There are 2 protein chains.
Amino acid sequence: MASRQSAAVREMYVRWAQELTDPDLDPQQRVENGEHWADITREPRGVDYSETDEPGRPAMWITPKSAAPDRVILGLHGGGFVGGSLYTHRKLFGHLAKAVGAKALLVHYRLNPEYHHPAPLHDAVSTYRWLLEQGYAAEHIALSGDSSGGGLCVTAVLRARELDLPLPAALLLMSPWVDMELTSETLEANREKDPYFRREFIQPLVDLHLSDGYSPKDPLVNPLYADLAGFPPMFVQAGADETGLGDAQRLAEHAKAAGVDVRLDVFPEQQHTFQMAAGYAPEADDALARFASWARPRLGL
Amino acid sequence: MASRQSAAVREMYVRWAQELTDPDLDPQQRVENGEHWADITREPRGVDYSETDEPGRPAMWITPKSAAPDRVILGLHGGGFVGGSLYTHRKLFGHLAKAVGAKALLVHYRLNPEYHHPAPLHDAVSTYRWLLEQGYAAEHIALSGDSSGGGLCVTAVLRARELDLPLPAALLLMSPWVDMELTSETLEANREKDPYFRREFIQPLVDLHLSDGYSPKDPLVNPLYADLAGFPPMFVQAGADETGLGDAQRLAEHAKAAGVDVRLDVFPEQQHTFQMAAGYAPEADDALARFASWARPRLGL
């Protein structure tokens with residue numbers, strides 16, 4: 001049975017779903033509720049945080065006391081390309097960095113509605129390039145993201161390959177959202193188990209994100225259409241109860257068919273990006289521990 | 001009328017009061033709920049956090065990007081000498097430090113039930129002494145604390161005076177708890193307005209804290225019995241609806257009678273340490289702004 005602590009993730013999504021359909025909700029309160037996303041993650045402790053604009057975007061160094069100084073996780077937060085921030089995801093990437101024994105650099109890429117595809121992709125790639133320019137070796141960098149940030153990790157590697165940049169050592173993906181056509185069967189099959197991520201909520205996010213005329217089949221926005229041959233090792237995690245499960249499964253299958261070293265772990269009774277409950281929920285801590293033990297040798301740790 | 005956001009403070013205390021009387025509450029959940037105290041404070045943004053053991057106790061440097069490097073607020077968190085941590089109060093002192101334009105050093109002093117008076121006092125004073133040893137001038141240091149941490153600021157200055165240390169420039173006190181005899185009239189008068197801080201909850205904290213045989217009239221644990229002549233300027237804030245209002249008022253009167261430069265601001269319809277809602281509640285932000293404009297000239301800023 002899902003832990004009491006991990007149930008907090010589902011309860012949060014239930015509240016979000018109620019808010020979506022509440023026409024009387026004060027817009028300011030909507031913003032504040034978005035910030036309370038961070039509340040489901042426990043403070044990881046023993047981790048330092050320092051904001052920087054040096055990558056050309058607002059970013060935050062997340063430095064566990066025990067971190068190897070030359071190993072980096074580039075963190076791309078989720079939020080459907082409309083939300084999420086350095087502050088909502090600070091603790092999640094703190095837990096991940098601490099488990100792996102690396103620093104994390106969490107970057108605030110440009111978001112809808114002001115910016116659309118490919119702005120987030122460009123910001124992700126330019127931050128990765130900045131890390132390389134700072135002297136971090138590609139084989140010592142992992143990319144990690146949740147939901148839209150997970151998809152962005154994959155498209156960032158595609159774009160880095162186009163630019164002839166050396167590719168990172170590994171991808172750590174939490175419920176990656178990759179299918180901009182919304183064709184995963186789990187979108188319907190898990191509809192009753194997943195209180196929030198339903199077609200009628202996600203489709204407007206797609207329309208917004210592609211509003212500069214990009215196709216939902218463009219490989220740089222939908223990696224299910226990309227050639228993933230030569231891709232770095234990839235560890236995909238998803239919750240069994242989320243509508244996005246199919247995206248995770250199909251991405252893993254697509255990468256495996258291209259010969260990529262892929263691992264897919266599906267967590268029973270868990271929701272979309274359940275890892276956000278890190279520090280409280282044993283399922284989230286287990287998931288991050290699996291990421292860490294898989295990633296450490298791939299980062300030479 | 002109290003803002004929607006500040007009502008979150010009261011709602012939290014209502015939940016805590018329910019938990020106090022719930023015999024079935026899982027002890028682990030009680031610990032987790034204590035950590036969720038931090039949820040009522042918004043991320044201040046533009047503030048860096050770095051943990052350190054250098055003062056001889058676990059501590060956290062809280063450094064706003066805009067902070068003067070040689071001005072420090074020594075932060076002593078609340079929690080009735082049994083709770084609170086670097087993590088519950090990180091954001092509160094981040095807001096305060098940012099408003100003042102100084103760094104903050106938040107220290108985790110020893111707590112009950114393992115340690116009693118005078119352990120917290122010794123840790124507070126040794127941390128203050130460490131700051132002086134690092135070269136921070138006393139006239140560039142403010143002490144600030146909430147609830148038990150507020151009382152501890154006052155007793156730390158008393159103890160520093162006994163030790164012939166130079167005294168800090170100012171005290172910024174949020175709902176300071178000073179009366180270990182629990183004789184403030186507001187303890188009864190505000191009982192119906194304050195859902196949590198009632199005699200039957202506070203008395204056991206006193207008993208625990210003084211369990212090594214100290215008197216509740218000892219000036220080093222109850223500054224209402226101390227000679228405050230020569231004390232640094234003191235700004236005391238309290239909520240009009242809290243049972244602890246009398247402690248704040250009596251401390252301010254006692255200091256004023258001793259010739260201390262004292263300011264007391266009482267915030268209508270606010271609860272104990274309502275400043276914890278900083279970033280969300282306008283009343284909390286107003287309170288911290290008042291602290292800042294009062295403290296800046298006293299710190300030479």
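**Exercise 1.** Determine which residue of the salt bridge between Asp70(B) and Arg71(B) is buried and which is partly exposed in this predicted model.

*Solution.* Begin with the contact itself: the side chains of Asp70(B) and Arg71(B) form a salt bridge with an N to O distance of 2.8 Å. Next, apply the cut-off, by which a residue is buried under 20% relative accessible area. Arg71(B) has a value of 10% and is therefore buried. Asp70(B), at 34%, is partly exposed.

**Exercise 2.** Establish which parts of chain A are tied together by the salt bridge of Arg199(A) and Glu188(A).

*Solution.* The closest N and O atoms of Arg199(A) and Glu188(A) are 3.2 Å apart. Arg199(A) belongs to helix H7 (residues 199-209) and Glu188(A) to helix H6 (residues 186-189) of chain A, so the pair ties together parts 11 residues apart in sequence. As to accessibility, Arg199(A) is partly exposed at 31%, and Glu188(A) is partly exposed at 43%.

**Exercise 3.** Explain why the salt bridge of Arg45(A) and Glu35(B) joins two chains, and assign each residue an accessibility class.

*Solution.* The two side chains, Arg45(A) and Glu35(B), meet at 2.9 Å, N to O. Arg45(A) is located in the loop between helix H2 (27-35) and strand E1 (47-52) of chain A, whereas Glu35(B) is located in helix H2 (residues 27-35) of chain B; the pair therefore joins two chains. Arg45(A) is partly exposed, with 33% relative accessibility. Glu35(B), with 15%, is buried.

**Exercise 4.** Describe the salt bridges between chain A and chain B, and state the total for the structure.

*Solution.* Over all chains, the structure contains 38 salt bridges. Between chain A and chain B the count is 10. One further example is Arg4(B) with Asp26(A), whose closest N and O atoms lie 3.6 Å apart. In addition, a network of salt bridges links Glu43(A), Arg90(A), Glu43(B) and Arg90(B).

**Exercise 5.** Characterise the interface of chain A and chain B by its residues and its buried area.

*Solution.* First, count the residues: chain A contributes 23 and chain B contributes 23 to the contact. Second, consider the area: about 2,400 Å² is buried between the chains, and carbon and sulfur atoms give 37% of this. Of the area that chain A buries against chain B, 23% comes from Arg4(A), Glu35(A) and Tyr87(A), more than from any other three residues. Third, consider polar contacts: 23 residue pairs across the interface qualify, both residues having pLDDT 80 or more. Finally, the side of chain A that touches chain B comprises 12 charged, 6 polar and 5 nonpolar residues.

Definitions and conventions. Residues numbered from 1 in each chain as written. Chains lettered and ligands numbered in written order. Predicted model: local features only at pLDDT ≥ 70, side-chain atom pairs only at ≥ 80, totals over all residues. Heavy atoms only, no water. Salt bridge = Lys/Arg side-chain N within 4 Å of Asp/Glu carboxyl O. Helix = DSSP H or I, 4+ residues; strand = E, 2+ residues; numbered from the N terminus. Buried < 20%, exposed > 50% of the residue type's maximum accessible area, 1.4 Å probe, protein only. Contact = heavy atoms within 4.5 Å. Buried area = accessible area lost by both parts, 1.4 Å probe. Polar contact = N/O pair within 3.5 Å; in protein donor to acceptor, adjacent residues only side chain to side chain. Nonpolar A, V, L, I, M, F, W, Y, C, P; charged D, E, K, R; others polar.
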